[in-house]
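Here is a short note for a colleague who is opening this structure for the first time. Please read the points alongside the model.

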Amino acid sequence: MDPTTARGAAVLVHGAWHGAWTYERIVPRLAADGVFAVARDLPAHGLNARFPAGYIDRSTASPTWGADPSPVAAVSLDDYVDSVSATVDAVRTLGFARVTLVGHSMGGVVLTALGERCPEKIERLVYLSAFMPARGVPAVAYIGAPENAGEQVGPLLMADPREIGALRMDHRSTDAAYRDGIRRAFYGDLPADAAQAALQLLTPDVLAGPMATPIETTADRWGALPRHYIRCTQDQAIRPALQQRFITEADAFTPGNPTVVHTLEASHSPFLSQEAALAGLLARIV
């Protein structure tokens, strides 16, 4: 669409194991509603992914390849933030003074860090069933929280992230029960064929570093930005109670700037299962 006719602009940040394809069906719907939106692969995701050898060639793979060091372990939260910041700057050159950031799942960590780094470039933050960590608390600390009881991602990890530098899954596993576990964690309300297509696009390694990095947010930078949270009530990756904890902690940190809360009756991935509803909601927010 012509940026000069858009009423607002958004940069869409995907979550762990995913890529810019997450928003393939959302971007044109936003364009139809007058919103200019861009999504790009984060470092070590999508086209930027690099793979442990055993993930690609099973014929020569060691039986313990799942515990091999990650080839992308050195990628940091700063690398994520630099990448999204560059995209924001590119969008701003089109005439948008400030840009809305939308972050799904792990992408919420990037939103928080970028909101603290350069709030002057950001119109608002939109967390889509995402990590929204409190000041100084790394995202990884929430995974085992009581509010996240029953989450279905942890049991799928192949090795200790501290040992290999990544949270690793085997999306190419020949174990049907294991693959179904990934489907239930991310795409529980998708038809089986649609979920299978999405599974083929996932990458095996998500960097441990960004999830383990605390962000020292301040009330007058990140805390001063308008903040929205989209809850997904059927989420098996970030449980609804944990989503509510993020909201409660943020509101306690910035009592004069409460989170605007929206709800979708959806799994962790409404960009696939409820694309029209999600795009319509984002268009109203932006």
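What volume does the largest pocket have? The points below start there. Note that this is a predicted model.

1. **Largest pocket.** Its volume is about 230 Å³. The lining of this pocket takes in 20 residues. Nearest the centre lie Trp17, Phe131, Ile143, Val153 and Met211. By class, 13 of the lining residues are nonpolar, six are polar and one is charged.

2. **Second largest pocket.** Here the volume is about 190 Å³. Trp21, Thr22, Glu24 and Arg25 are among the lining residues. So are Leu190, Ala194, Ala197, Ala198 and Leu201, together with Phe271 and Leu272. Two elements, α8 (192-199) and α11 (270-273), give two or more residues to this lining. The largest share, three residues, comes from α8. Sorted by class, the lining of the second largest pocket has eight nonpolar residues, one polar and two charged.

3. **Enclosed space.** How many cavities of 30 Å³ or more does the structure hold? There is one. The largest cavity has about 60 Å³ of space. Val11, Leu12 and Val13 line the largest cavity, as do Arg40, Asp41 and Leu42. Ser83, Val84 and Thr87 complete that lining. Both β1 (8-13) and α3 supply at least two of the lining residues. The classes are five nonpolar, two polar and two charged.

4. **Aromatic pairs.** A search of the whole structure turns up 10 of them. One is Phe36 with Phe96. Why does this pair count as stacked? The ring centres of Phe36 and Phe96 are 5.8 Å apart and the planes meet at 15°, so the pair is stacked; the cut-off for stacking is under 30 degrees. The two residues sit in distant parts of the chain, 60 residues apart. Phe36 belongs to strand β2 (residues 35-39). Phe96 lies in the loop between α3 (77-92) and β3 (99-104). Are these two rings buried or exposed? Phe36 has 14% relative accessibility and counts as buried. Phe96, at 10%, counts as buried too.

5. **A second stacked pair.** Phe51 and Tyr55 are stacked as well, with 5.8 Å from centre to centre and 5° between the planes. Phe51 is partly exposed, at a relative accessible area of 35%. Tyr55 is buried, at 3%. Tyr55 also has a charge over its ring: the charged end of Arg172 sits there, 5.8 Å from the ring centre.

6. **An aromatic cluster.** Which residues join Trp17 in one aromatic cluster? They are Phe186 and Tyr187. Trp17 has appeared already, as one of the residues nearest the centre of the largest pocket.

7. **Cysteines.** A disulfide is a covalent bond between the sulfur atoms of two cysteines. How many disulfides does the structure hold? The count is zero. Cys118 is buried, with 5% relative accessibility. Cys232 is buried too, at a relative accessible area of 1%. Both values fall under the 20% limit for a buried residue.

Key
Residues numbered from 1 in each chain as written. Predicted model: local features only at pLDDT ≥ 70, side-chain atom pairs only at ≥ 80, totals over all residues. Heavy atoms only, no water. 1 Å grid on protein atoms, 1.4 Å probe; cavity = no way out; pocket = protein on both sides within 12 Å on 5 of 7 lines; lining within 4 Å. Points joined across faces, edges and corners; volume = space filled by probe spheres on them. Nonpolar A, V, L, I, M, F, W, Y, C, P; charged D, E, K, R; others polar. Helix = DSSP H or I, 4+ residues; strand = E, 2+ residues; numbered from the N terminus. Phe/Tyr/Trp six-rings, centres within 6.5 Å; stacked < 30°, edge-to-face > 60°. Buried < 20%, exposed > 50% of the residue type's maximum accessible area, 1.4 Å probe, protein only. Lys NZ or Arg CZ within 6 Å of the ring centre and 35° of its normal. Disulfide = S-S within 2.5 Å.
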